[in-house]
Amino acid sequence: MQRLQDRVAVITGAGSGIGLATARRFAQEGAKIVAVDLDEVAGAKAAGELGGLFVKADVANEDDVVRMYQTAFDTFGSIDIAFNNAGISPPDDDSILDTGIDAWRRVQEVNLTSVYLCCKHVLPYMRRQGKGSIINTASFVAVMGSATSQISYTASKGGVLAMSRELGVQFAREGIRVNALCPGPVDTPLLQELFAKDPERAQRRLVHVPIGRFARAEEIAAAVAFLASDDASFITASEFLVDGGISGA
Ligand code: NAD
């Protein structure tokens, strides 16, 4: 018997980076995969590779979020794991002095409102089952801020962390665990795109990582699989740092 045998896992942002690596890891551990992404090509490819179901959805849109969980439940009959992971990085320099209100709002919508919507609409399924594991992707910047000027991103991830803590506490007695995953810098398209525009930013960030390199997405996926599994049965409302030592330095 594998650790996630026959658990139904809904993973947002499953077409790329951390979401894709986690979908692969969950599938290896026996889970049934519902891959959610706005990018139809990447999401369908991930689901196809893993024998899972693809649902195209914008996680910032409430109707889409309701539909994605309904589709998952109608297909597989339960929802055991929700990995609320889709997110974006601000397009340009994101100093508070330069960030416009529209850019700010978009980052909050995709990174924070999406997690509110995903938790709100998956919790009723998990309450009926009397169990479930929710993992929300925050970031190390939620606990320590960022040296590289990311105000809208940092604020959105701080919100994800605070919301996860509160929900973890509120639903603990109902058998539902809610944790915030806080990765350090991970070598994914999101980070590569950012650093392609500003290579010095990569160097500035790297000097803060005690381990001396960025994470591989698979290293983050291993932590998510642990949090999703019964091995983490006493872990809830936590900020789960997988950051190469950044927050300890
Ligand atoms: P990525 O860009 O490789 O993947 C993100 C995926 O989310 C993409 O497939 C994209 O199409 C999808 N997506 C974006 N907006 C969406 C929306 N509105 N609806 C549905 N899907 C959408 O990024 P990643 O590095 O794997 O990041 C995943 C998560 O991890 C994000 O929340 C990010 O903020 C967080 N994170 C990343 C790092 C890092 O260094 N890469 C560090 C800490 C936290």
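**Exercise 1: two helices that meet**

Find how helix 1 and helix 9 are oriented towards each other in this predicted model.

*Solution.* Start with the axes: those of helix 1 (residues 17–28) and helix 9 (residues 217–228) come within 8 Å and cross at roughly 55°. Next, compare this angle with the cut-offs: under 35 degrees counts as roughly parallel, and 65 to 115 as roughly perpendicular. The value fits neither class, so helix 1 and helix 9 are oblique to each other. Their crossing is right-handed.

Now look at who touches whom. Helix 1 contributes residues including Ile18, Ala21 and Phe26, while helix 9 offers, among them, Ile220, Ala221 and Val224. Sorted by class, this contact has 10 nonpolar, 2 polar and 2 charged residues.

**Exercise 2: reading the sheet**

Work out which strands stand at the edges of the open sheet.

*Solution.* Write down the strand order first: the 7 strands run 3-2-1-4-5-6-7, with parallel pairing. Then look at the two ends of that order. Strand 3 (53–56) and strand 7 (239–242) each have a single partner strand, so one side of each is left without a neighbour in the sheet. On average, neighbouring strands are turned by 20° against each other, direction ignored. Helix 2 packs on this sheet, touching strand 2 (32–37) and strand 3.

**Exercise 3: one residue in helix 2**

Decide whether Val41 is buried or exposed.

*Solution.* Locate the residue first: Val41 lies in helix 2 (residues 40–50). Its relative accessibility is 66%, and the cut-off for exposed is over 50%, so Val41 counts as exposed. To place Val41 further, note that Lys56 is 15 residues away in sequence and 9.6 Å away in space, C-alpha to C-alpha.

Key
Residues numbered from 1 in each chain as written. Predicted model: local features only at pLDDT ≥ 70, side-chain atom pairs only at ≥ 80, totals over all residues. Heavy atoms only, no water. Axes fitted to C-alpha atoms, helices over the stretch in contact; angles between N-to-C directions. Helix = DSSP H or I, 4+ residues; strand = E, 2+ residues; numbered from the N terminus. Parallel < 35°, antiparallel > 145°, perpendicular 65-115°, else oblique. Left-handed = near helix turned anticlockwise from the far one by under 90°. Contact = heavy atoms within 4.5 Å. Nonpolar A, V, L, I, M, F, W, Y, C, P; charged D, E, K, R; others polar. Buried < 20%, exposed > 50% of the residue type's maximum accessible area, 1.4 Å probe, protein only. Pairing = 2+ DSSP bridges.
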